[in-house]
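Here is a quick walk through one protein chain, with the rings, helices and odd backbone angles picked out along the way. Have the structure open while you read.

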Amino acid sequence: MTQPMDRRKAIAAIPALASFSACTTMPSTPANAQPTAAAVSRNAAFQAIVNDPAKPLASLALLSMKNGEVAYSAGFGLARIGAAGAKPGPDVLAGPDTLYRIASISKTFTTLGVMRLVERGVLDLDADVGHYLGWPLRNPKFPYLSVTLRQMLTHTSGLRDDAGYSWPSDKAIKDVLAPGGALYGKGEAWSPRAMPGDYFQYANLPWGVIGTVMECATNTRFDVLMQQELYGPLGIDGGFNPATFPADQLAKLATLYRKRTEVNGKEVWNPAGPWVPQVDDYSAQAPQNRASPSYAIGTNGTLFGPQGSARASASGLGVIAQMLMNEGMAPNGKRYLKPVTVKRMLSRQWTYTMPDKGDSYGGLMRAWGLGNQQFLDVRADEKGKPAGDRILAQGGYTGIGHLGNAWGLTSALIVNTQA
């Protein structure tokens, strides 16, 4: 974080079949000014993306930043399609303040909560997490090695998704991960060959464990804790539990859609077909709290999706980007994290160098920090395999952040501190 503020750029992007949200670098337009020819052309280009007959979007929301300030924000399409809901209602236009389920960008949100707790001494990145859980978390193939938050935040803990990564509130995550547990099965949650800290394998399950650790360390339910540690301090809308959203925020929440048609008993993509709600369709019924009244805090941090169920807007992602570029100082003028904590979070933890030391996710993931991917501007080969991590087609743009893809939505939050 050594580059001067006026040379920094940010990208926060959520492209999808259902939505898109972005922070990128574009010339700014003064408030209340008439749109320039460039702005009109840009709007037309984004509208054309939404209306693409082969791959239409239900909605698209984006926000761009330049020199640490919001330069452009807009929304296109419909955040909610009235005729596609469980109960017919009015269409709702998308905008930069529309809330979306942002998929795996949620991992970076969760990491920010972790770093706040680390900064206050509530959590230790390198401590045995069994200390917080109250039971030993061990890969049965390597029972002498502890698992740490740092390993889980960098996908090197040996945990994987083969046994699933989310369970209802009447289940305990211990029963999945500890030998002899009711849900342990054959131990598919653990890699049989990767020692903790030795091998990178992208997975969602570690984040459920992280959420459980956070609950144990604070005696606070994960969704409530994230309001206290992220959304509240930064002054952004959204959260991990729509059932607790105030009416004005629930009204901003987009439904995610896919165009699906059943063919021979299977659902296939059909651009000419109807939009089918996938997530957050509350047209007929209000969102339900996933935690039962009897839920025991610290037993199952997967409930509210630390790995992928955060709701946030393009504007909210812009606040996150500004805070990271300002070395922990939030746009509201309050310090969110110390500069040293931001530097620690964004520092390189893993680089793909040897096939036997990490899974590069088909070439897409080549470097990692704490809860953030490091984009090295590696171009895919001419056949597209293995994939590269290049952000812009023309290259020349590196960054730090996270991608996401779920339920018809594709997302990215990327901060460039080198440009």
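Are Phe46 and Phe76 buried or exposed? Both are buried: Phe46 is, and so is Phe76. Keep in mind throughout that this is a predicted model.

## The chain as a whole

Let's start with the overall picture. The protein chain has 10 helices and 14 strands. Of its 419 residues, 53% are buried. The surface that the protein chain exposes comes to about 17,800 Å², with carbon and sulfur atoms supplying 52% of it.

How much of the contact network comes from residues 24 or more positions apart? Among contacts in the protein chain with a separation of 6 or more, such residues account for 67%.

## Aromatic pairs

Back to the rings. A pair of aromatic rings is described by the distance of the centres and the angle of the planes. The count here comes to 11 aromatic pairs. One of them is Phe46 with Phe76, a tilted pair at 6.0 Å centre to centre with 40 degrees between the planes. Phe46 sits in helix H1 (residues 37-50) and Phe76 in strand E3 (residues 69-80), so this pair ties together parts that are 30 residues apart in sequence.

Tyr231 and Phe240 are arranged another way: their planes are at 85 degrees and their ring centres 6.4 Å apart, so this pair is edge-to-face. Tyr231 has 1% relative accessibility and therefore counts as buried. Phe240, with a relative accessible area of 3%, is buried too. There is also an aromatic cluster, made up of Phe200, Tyr202, Trp350, Tyr352, Tyr361 and Trp368.

## Charges over rings

Two spots are worth a look if you like charged side chains next to aromatic ones. Arg42 lies over the face of Tyr72, 4.2 Å from the ring centre. At Trp275, the charged end of Lys259 sits over the ring, 4.7 Å from its centre.

## Helix H7, with a kink

Tyr231 also belongs to the buried residues of H7, along with Phe222, Asp223, Leu225, Met226, Glu229, Leu230 and Leu234. An α-helix has 3.6 residues a turn, so residues three or four places apart point the same way. What covers the buried residues of H7 includes helix H2 (105-119), helix H6 (205-218), strand E9 (311-313) and helix H9 (314-325).

Where does H7 bend? The kink is centred on Gln228 and comes to about 35 degrees. As for length, the 13 residues of H7 (residues 222-234) should span 18 Å at 1.5 Å a residue, and the end C-alpha atoms are 17 Å apart, which agrees. Right after H7 comes Gly235, whose phi is positive, near 65 degrees.

## Helix H9, largely enclosed

H9 is part of the cover over H7, and H9 has plenty of cover itself: 11 of its 12 residues are buried, so the helix is largely enclosed by the rest of the structure. The buried residues include Leu317, Val319, Ile320, Leu324 and Met325, as well as Gln322.

The length of H9 works out as well. At 1.5 Å a residue its 12 residues should span 16 Å, and the end C-alpha atoms are 16 Å apart. Just after H9, Glu327 has a positive phi of about 55 degrees.

## Loops and unusual phi angles

Most residues other than glycine have a negative phi, and most peptide bonds are trans. Which way does the phi of Asn67 go, positive or negative? Asn67 is not a glycine, yet its phi is positive, at about 55 degrees. You'll find Asn67 in the loop between strand E2 (59-66) and E3, and it is partly exposed, with a relative accessible area of 39%.

Tyr361, a member of the aromatic cluster, also has a positive phi, near 55 degrees. Tyr361 is in the loop between strand E10 (350-351) and strand E11 (367-368), and at 45% relative accessibility it counts as partly exposed.

One more loop to check out holds Asp170, between helix H4 (149-153) and helix H5 (174-177). With 61% relative accessibility, Asp170 counts as exposed. Asp170 and Thr299 are 129 residues apart in sequence, but in space their C-alpha atoms are 9.2 Å apart.

Methods
Residues numbered from 1 in each chain as written. Predicted model: local features only at pLDDT ≥ 70, side-chain atom pairs only at ≥ 80, totals over all residues. Heavy atoms only, no water. Helix = DSSP H or I, 4+ residues; strand = E, 2+ residues; numbered from the N terminus. Expected span 1.5 Å × (residues − 1). Bend = angle between axes of the 7 residues up to and from the residue. Buried < 20%, exposed > 50% of the residue type's maximum accessible area, 1.4 Å probe, protein only. Contact = heavy atoms within 4.5 Å. Phe/Tyr/Trp six-rings, centres within 6.5 Å; stacked < 30°, edge-to-face > 60°. Lys NZ or Arg CZ within 6 Å of the ring centre and 35° of its normal. Areas by Shrake-Rupley, 256 points an atom, 1.4 Å probe, with all protein chains shown as cover.
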